[in-house]
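Here are a few friendly notes to read alongside the structure. Take them one at a time, with the view open beside you.

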Amino acid sequence: MKNVLAWCKAHLLVVICSALVLIIVPTAFVLSSIWNKSIHTKRQAEVEAALTKVKISTAYALPSLDPSIPAVTLTDAPNEQVTKFFKAEKEKILAQAAGVVKKAEVFNRRGHRALMEGLLPGGRGPDAQAKARAFAEMLVGGPGTPAAYQALFQEIKAGEPRDPNLLATVLGDAYMRLKIAKTGEGSSARALTPEESVEITKALKEIRLGQYQGRARELSVYAGTGVLGNNILLAVPKAPPSNSEVFAWQADYWLIDDLLKAVAAANTMGGRSTTIDSLDPASGSVVKRIQQITFERAVWQPKASTGNEPLATEEAADAAAPADAQLTPDFKQSISGRFSGPSNGVYDIRYAYMSMVVSSGRLPQFFDAVARTNFMTIVDVDLKEADVYGDLERGYYYGDEPVVVAMVAIEAVYLRSWTTPYMPSEVKKHLGVAEPASAEGAASEGEGGKK
């Protein structure tokens, strides 16, 4: 050991250098490894950043026609085959959507036309005022000219019970015949006995009932224009109506037509109209009688005006939502979530209420008929007992089938795609609908028909 220490002292410089070599080499290795990793991480980040700048990705999407089914989406590097596939499939879906929209419009329109050609969307001056007055006269009717609404009731084979005056004549003639048969006639006639009076009274009741039954087998439903009350125009206004009022009259006519067509659809079996009374109760009319039809004013509908002026009591709305805007149901506004107004650029809503005497067991058939007729939905139903005998005293014979009084609330949807061309400028302004570059003649195509 002494020799080793002596040697180290004699060769101190060699010992120190050897120690430094033993310390520095491992340390340098560790430090170089750390430095190399740092450089690698830095360079990798730089490369990835540069790669991100030159990397291209494409978002592919296929829309869904069913809101309950999510759209198909894909984000990936551009690929010619994938692009062709998505383009072809999207074109198919859009073509299907266009076809659905067109069919929806045709179904919703149901052949509706303006009653008077060239009147809507509106005009100014004496000619327009003369047409508007003629339109009012068409709706109101006059001597020898039935009201336009009357034709709607005739189409569905609706009518009133047997005329009381005619019934009185029939019963009077029957009474005389029965009396003469019992007592003779002329100076030799005698007075009726109490028993004979009872017999004649009973026979007259049967004749009266037979008259009611006969009328019930002539009609599909008891109804007349009186069930519309003051919801319709009852007299030609003295002052020229505004364009908005004219459009409101026309829109009300469309709504009433749809409601009556729904009744007709319910009262159809095997392609033929049913009758109120039938030998087979199951083949008689579902809707026996319409007691009343009322409806709410549309959101754009003006109150009666004193002249041909635009809406004065309604504030103009902001620009309406686009027709292709996504609509979100708002159940605060209605039970169905549907609503009218500038925020809905697709359709307008009308609410109607019908009080009817219907078959208690076949009421769902009327519900189905409403849905088949147009975009109409039953949103409320109240039922109460029908006064069958009280109605019979007034000539309403419903047959042997049990009936109830149904008070039905109906929500009707009308697409803007076909109603907008008929809208006067003041209605469009109220709804926020943009005016086209030239509105003249926008609604002239196809007008002149009845509905």
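**Notes on two helices and a glycine**

1. A good place to begin is helix H5 (148-155), where Ala148, Tyr149, Leu152 and Phe153 are the buried residues. They sit on the same side of H5, because the arc they cover around the axis is only 150 degrees. Please keep in mind that this is a predicted model.

2. What do the buried residues of H5 pack against? Their partners are H4, strand E3 (158-159) and H8. Just after H5 comes lysine 157, with a positive phi near 60 degrees.

3. Now turn to helix H4, residues 126-140. With 15 residues at 1.5 Å each, H4 should span 21 Å, and this agrees with the 21 Å between its end C-alpha atoms.

4. Which residues of H4 are buried? They are Ala128, Ala132, Phe135, Ala136 and Leu139. Viewed down the axis of H4, these buried residues fall within an arc of 100 degrees, so they line one face of the helix. Helices H5 (148-155) and H8 (243-266) are among the elements that cover them.

5. On the face of H4 turned away from its buried side, you will find the exposed residues Pro126 and Asp127. After H4 comes glycine 141, whose phi is positive, near 80 degrees.

6. Finally, have a look at glycine 229, in the loop between strand E4 (221-222) and H8. Glycine 229 has a relative accessible area of 34%, so it counts as partly exposed. Its C-alpha atom is separated by 7.6 Å from that of glutamine 292, although the two residues are 63 residues apart along the chain.

Terms used:
Residues numbered from 1 in each chain as written. Predicted model: local features only at pLDDT ≥ 70, side-chain atom pairs only at ≥ 80, totals over all residues. Heavy atoms only, no water. Helix = DSSP H or I, 4+ residues; strand = E, 2+ residues; numbered from the N terminus. Expected span 1.5 Å × (residues − 1). Buried < 20%, exposed > 50% of the residue type's maximum accessible area, 1.4 Å probe, protein only. Arc of directions from axis to C-beta. Contact = heavy atoms within 4.5 Å.
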